[in-house]
Amino acid sequence: MNELPWIEIISAVVVLAGGGGIAGLLVARRRRRTQDQGGGRTAVEREPEVAVEPGASTSPTREETSPTRDAPSPTREAPLETPAPTAGRLVRLRDRLARSGSPLGARLLSVLSRDSLTEDDWDEIEEELLLADVGAGPTTELLEALRTKVRVLGVREPAAVRDLLRSELVALLDPTLDRTLRTEPTTADDGTHLPAVTLVVGVNGTGKTTTVGKLARVLVADGRSVVLGAADTFRAAAADQLTTWGDRVGVPTVRSDREGADPASVAFEAVARGRDEKIDVVLVDTAGRLQNKAGLMDELGKIVRVSSKVAAPSEVLLVLDATTGQNGLSQARVFAEVAGVTGIVLTKLDGTAKGGIVVQVQRELGVPVKLIGLGEGPDDLAPFDVEEFVDGILG
Ligand SMILES: Nc1nc2c(ncn2[C@@H]2O[C@H](COP(=O)(O)OP(=O)(O)OP(=O)(O)O)[C@@H](O)[C@H]2O)c(=O)[nH]1
């Protein structure tokens with residue numbers, strides 16, 4: 001069970017009653033930290049001005065200095081929401097896939113069911129696959145497999161054709177890939193609690209902040225405790241957006257009040273808080289602007305390096321917008337190269353007929369799609385399951 005909401009309410013009452021005022025709920029810190037001998041923690045050169053959201057129990061080893069903000073989040077008083085259970089989400093969202101994937105599903109099936117397949121029919125199938133962003137290599141593979149099986153097995157009846165197409169698409173998506181999210185906290189050799197850290201990266205506008213918010217809800221629904229880290233310090237509104245997501249399910253957000261603050265420091269603070277409060281998972285949102293590769297590498301590298309002083313990321317999720325096709329893919333390659341990506345989140349699959357991008361993305365980047373976004377609603381994020389996905393696009 002997540003006890004944070006109660007901690008938050010009690011803390012807020014205590015501070016207000018004590019005359020500290022709302023401003024006292026937020027603290028800023030800037031100090032050098034030295035080696036913590038008991039916990040085996042390493043020093044970070046300079047910590048940022050990081051505001052701790054109301055209800056945050058701060059690290060006992062840290063000093064609190066002047067308040068940096070004077071108003072609580074406007075959503076703080078809203079009742080907490082109960083996220084939808086994660087089991088069977090993809091099944092519930094299947095109609096969205098069926099709508100978006102119809103060219104890949106219904107139209108392919110209608111061509112494949114024709115009495116005798118001519119070269120023109122096969123060309124049409126190829127075109128459909130390419131239009132759906134399956135990618136040249138996988139399209140050729142799929143066509144060859146289908147041609148062989150149709151010829152050898154003489155499959156014609158719609159149900160048999162569907163089964164054949166289904167099994168080929170499932171094979172193309174490789175159901176053997178490990179798609180589990182590593183969100184289990186661990187214990188260091190010296191007994192220190194270490195939260196699982198998930199870093200969320202990707203080009204701006206792909207849906208990173210939204211995905212962090214949705215993922216927090218998934219984890220809360222699964223009974224995990226979560227802290228958010230707003231390391232997208234480039235866009236001030238991103239931290240507010242993230243805080244709002246967290247507030248809705250009683251999850252605190254570690255953020256900086258200073259636009260352009262060092263994102264690595266914010267990430268460090270979030271992970272340290274996860275450690276100190278024995279939180280299960282720390283989700284870190286990062287800035288998405290695509291600068292030159294060296295700049296990106298520096299920034300992401302520093303976030304990983306600095307937060308790893310507490311706990312190394314167990315997941316680096318690359319968020320990719322399914323509607324951007326090839327363009328999105330080439331940008332994603334840069335992130336995959338610099339950030340050591342462990343999984344892909346493919347967003348906006350509800351808004352595209354290009355469901356085939358899943359195949360291409362996995363192939364090109366060599367990492368499994370772990371989650372898919374199927375809408376702007378708070379619970380429109382589902383774990384990726386190959387068979388359910390294929391059933392969705394086949395309608
Ligand atoms: N239809 C649809 N919209 C989505 C999905 N995921 C995110 N969005 C929308 O995409 C837009 C951008 O999302 P953000 O989360 O702000 O994107 P971001 O990557 O954090 O952007 P930056 O902070 O600028 O880097 C928002 O309007 C979201 O509601 C999805 O799965 N489906």
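I started with burial across the protein: 46% of its 395 residues count as buried. Note to self: this is a predicted model. Next I tallied the secondary structure and got 14 helices and eleven strands. Then I looked at how far apart in sequence the contacts reach. Taking contacts between residues at least 6 apart in sequence, 77% join residues at least 24 apart.

**Strand β5**

I picked β5, residues 226–231, for a longer look. Are its residues buried or exposed? Six of its six residues are buried, so I'm calling it mostly covered, with a residue counting as buried if 20 or more other C-beta atoms lie within 10 Å of its own. I checked the two faces separately. Val226, Leu228 and Ala230 sit on one side, Val227, Gly229 and Ala231 on the other, and all are buried.

Which strands pair with β5? One is β7, residues 281–286, which runs parallel to β5 and is joined to it by six bridges. I looked up Ala230 here, and its bridge partner in β7 is Asp285. The other strand I found is β6, residues 253–256, also paired with β5 in the parallel sense, over two bridges. On that side Leu228 has Thr253 of β6 as its bridge partner. I then traced the chain from β5 to β6: the path goes through helix α9, residues 236–248, and this β-α-β crossover is right-handed.

**Leu228 and the core**

Leu228 kept turning up, so I listed what this residue touches, leaving out residues up to four places away in sequence. The list is Val212, Ala216, Leu242, Gly246, Val251, Thr253, Val254, Leu283 and Asp285.

That led me to the largest nonpolar core, which has 90 residues. Which of them touch the most other members? They are Ala216, Val226, Leu228, Ala267, Leu283, Leu318 and Leu346. Helix α10, residues 263–276, gives the most to this core, with seven residues. Why does the core lie between two domains? Because domain 1 (4–76 + 183–341) and domain 2 (89–172) both give residues to it. A general reminder for the margin: in soluble globular proteins, nonpolar side chains tend to be buried together.

**Helix α13**

Last stop was α13, residues 357–365. I found this helix mostly covered, with seven of its nine residues buried. The buried ones are Ile357, Val358, Val359, Gln360, Val361, Gln362 and Leu365. What follows α13? It is Gly366, and its phi is positive, near 70°.

Note on methods:
Residues are numbered from 1 along each chain as its sequence is written. This is a predicted model: local features need pLDDT of at least 70, side-chain atom pairs count only at pLDDT 80 or more; totals for chains, interfaces and linings use all residues. A residue is buried if 20 or more other C-beta atoms lie within 10 Å of its own, exposed if 12 or fewer, and partly exposed in between; C-beta atoms are placed from the backbone. Helices (H or I, at least four residues) and strands (E, at least two) are DSSP runs, numbered from the N terminus. Two strands pair if DSSP finds at least two bridges between them. A crossover is right-handed if, with the strands pointing away from the viewer, the path from the first strand over the helix to the second runs clockwise. A nonpolar core is a set of buried Ala, Val, Leu, Ile, Met, Phe, Trp, Tyr and Cys residues joined through C-beta atoms within 7 Å. Domain bounds come from an automatic or database domain assignment. Two residues are in contact if their C-beta atoms, placed from the backbone, lie within 7 Å.
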